[in-house]
Structures are given as C-alpha cells and as structure tokens.
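I opened this notebook page to record what I looked up about a bound ligand and its surroundings. The entries follow in the order in which I made them.

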Amino acid sequence: MKILMVCLGNICRSPLAHGILEHKAKKENWDIEVDSAGTNGFHDGEKPDSRSISTAGMHQIDITNQVSRQIKKEDLDEFDLIYAMDSSNYNNILEMASNERQKSKVKIIMNEVYPGKNINVPDPYYGGDEGFENVFQMLNEATDMIIKKYKN
Ligand code: 4NP
C-alpha cells in the first residue's frame with residue numbers, strides 16, 4: 001500500500017503526517033510506503049520547516065531527510081490513498097484528477113477521525129510553535145485511525 005500526504009507547501013503539515021505514519025507503521029511492522037507532497041512547488045527541494053522538524057523531534061520522530069516536492073498527475077495513479085490536510089488542498093488535488101478511480105483515492109485526513117465533518121488541519125506557517133504541536137496532535141489521532149482502518 002502507498003499513502004501520500006498532501007498540504008500546500010510540503011514543509012509544515014504533510015511532512016509531519018508523513019513522518020508520524022511512517023514511524024508508527026515501522027513500529028507495527030506494517031509494510032507500507034509513505035510519501036508527501038505540496039500542491040504548490042514554492043518550497044521544492046527544501047527540508048521541512050525547522051518548527052516541524054523540532055516538533056517531530058520532541059516526539060522522537062526524525063523528519064530531517066524529507067525533501068519538499070510538488071504533487072504530480074502520476075501520483076494519482078501511483079498512490080492508493082491521498083490525504084489532503086485541508087479542504088483547499090483537497091479541491092486542488094481533485095482538479096488534477098482525470099477519472100473517478102483517481103478521485104476516489106483523495107480524502108480529507110481528519111475525516112478519518114471525524115467522518116464527514118471536513119475539519120481542516122490548520123496551516124501553522126504564520127503562527128507560533130504551539131500551532132505545530134496542535135498539528136502534531138491532530139495528525140497523531142488521524143494516523144492512529146488510518147492504521148486501525150487499513151492495517152489488516
Ligand atoms: P504547509 O504550510 O502547507 O503546511 O507546508 C505552508 C508552508 C509554506 C507556505 C504556506 C503554507 N508558504 O506560503 O510559503
């Protein structure tokens with residue numbers, strides 16, 4: 001199974017989602033591939049934001065090897081599940097989809113915890129460090145549900 005986490009810049013939220021799920025899957029011996037991407041390419045080639053790196057680090061998760069990239073059309077075929085961090089990312093990914101099979105893979109991540117509520121993981125970029133910990137806690141819950149739902 002291949003899971004893609006997507007936000008706007010692929011430096012704050014989706015790197016945390018990527019790192020948390022990868023970390024938990026490894027601990028659970030769940031053999032999946034996790035990646036992340038941004039809907040824009042403004043931060044292509046960059047490491048995650050230092051605040052995401054330190055927040056992950058406080059929870060013993062290392063995301064320093066991640067590199068930001070923009071989502072591409074082929075991702076919609078290659079990945080089995082594509083999780084958007086917010087409804088804006090969700091709509092932008094859906095616009096890239098060229099068939100129903102691709103569309104059906106795209107989900108708003110917090111709907112795994114609160115089905116149908118379309119809750120956004122708030123963009124922490126312009127705020128303080130507490131915003132990053134809040135993002136971490138939300139994604140911690142969501143990734144628990146992903147494991148419960150999809151790990152056999
Ligand atoms: P992310 O956060 O989508 O969670 O990676 C952002 C990072 C950068 C920008 C916006 C959001 N930016 O405008 O540069």
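Entry 1, polar contacts. I began with Gly 9, where a backbone N or O atom lies 2.9 Å from an oxygen atom of the ligand. I note that the model is a predicted one. I then turned to Ile 11 and found a backbone N or O atom 3.0 Å from an oxygen atom of the ligand. At Arg 13 the partner is a polar side-chain atom, which lies 2.8 Å from an oxygen atom of the ligand.

Entry 2, cover. I asked how much of the ligand's accessible area the protein covers. On its own the ligand has 360 Å² of accessible area, and I recorded that the protein covers 91% of this.

Entry 3, the shell. I listed the residues that surround the ligand: Cys 7, Leu 8, Gly 9, Asn 10, Ile 11, Cys 12 and Arg 13, together with His 43, Asp 123, Tyr 125 and Tyr 126. Sorted by class, this shell holds six nonpolar, three polar and two charged residues.

Entry 4, the pocket. I next asked where the ligand sits. I found the ligand in the largest pocket, for which I noted a volume of about 180 Å³. I counted 13 residues lining this pocket, and those nearest its centre are Leu 8, Gly 9, His 43, Asp 123 and Tyr 125. I entered the classes of the lining as seven nonpolar, four polar and two charged residues.

Entry 5, cross-check. I compared the two lists for Gly 9: this residue belongs to the ligand's surroundings and is also among the lining residues nearest the centre of the largest pocket.

Methods:
Residues are numbered from 1 along each chain as its sequence is written. This is a predicted model: local features need pLDDT of at least 70, side-chain atom pairs count only at pLDDT 80 or more; totals for chains, interfaces and linings use all residues. Side-chain values use heavy atoms; hydrogens and water are left out. A residue is near a molecule or strand if one of its heavy atoms lies within 4 Å of it. A polar contact is a pair of N or O atoms within 3.5 Å; within protein, one must be able to donate a hydrogen and the other to accept it, and residues adjacent in sequence count only if both atoms are side-chain atoms. Accessible areas come from the Shrake-Rupley method with a 1.4 Å probe; for residues, only the protein chains shown count as cover. On a 1 Å grid over the protein atoms alone, a cavity is a set of points where a 1.4 Å probe fits but cannot get out, and a pocket is an open set with protein on both sides within 12 Å along at least five of seven lines; lining residues have an atom within 4 Å of a point. A molecule sits in a cavity or pocket if more than half of its atoms lie within 2 Å of its grid points. Ala, Val, Leu, Ile, Met, Phe, Trp, Tyr, Cys and Pro count as nonpolar, Asp, Glu, Lys and Arg as charged, and the others, Gly among them, as polar. Grid points are joined across faces, edges and corners, and a volume is the space filled by probe spheres set on the points.
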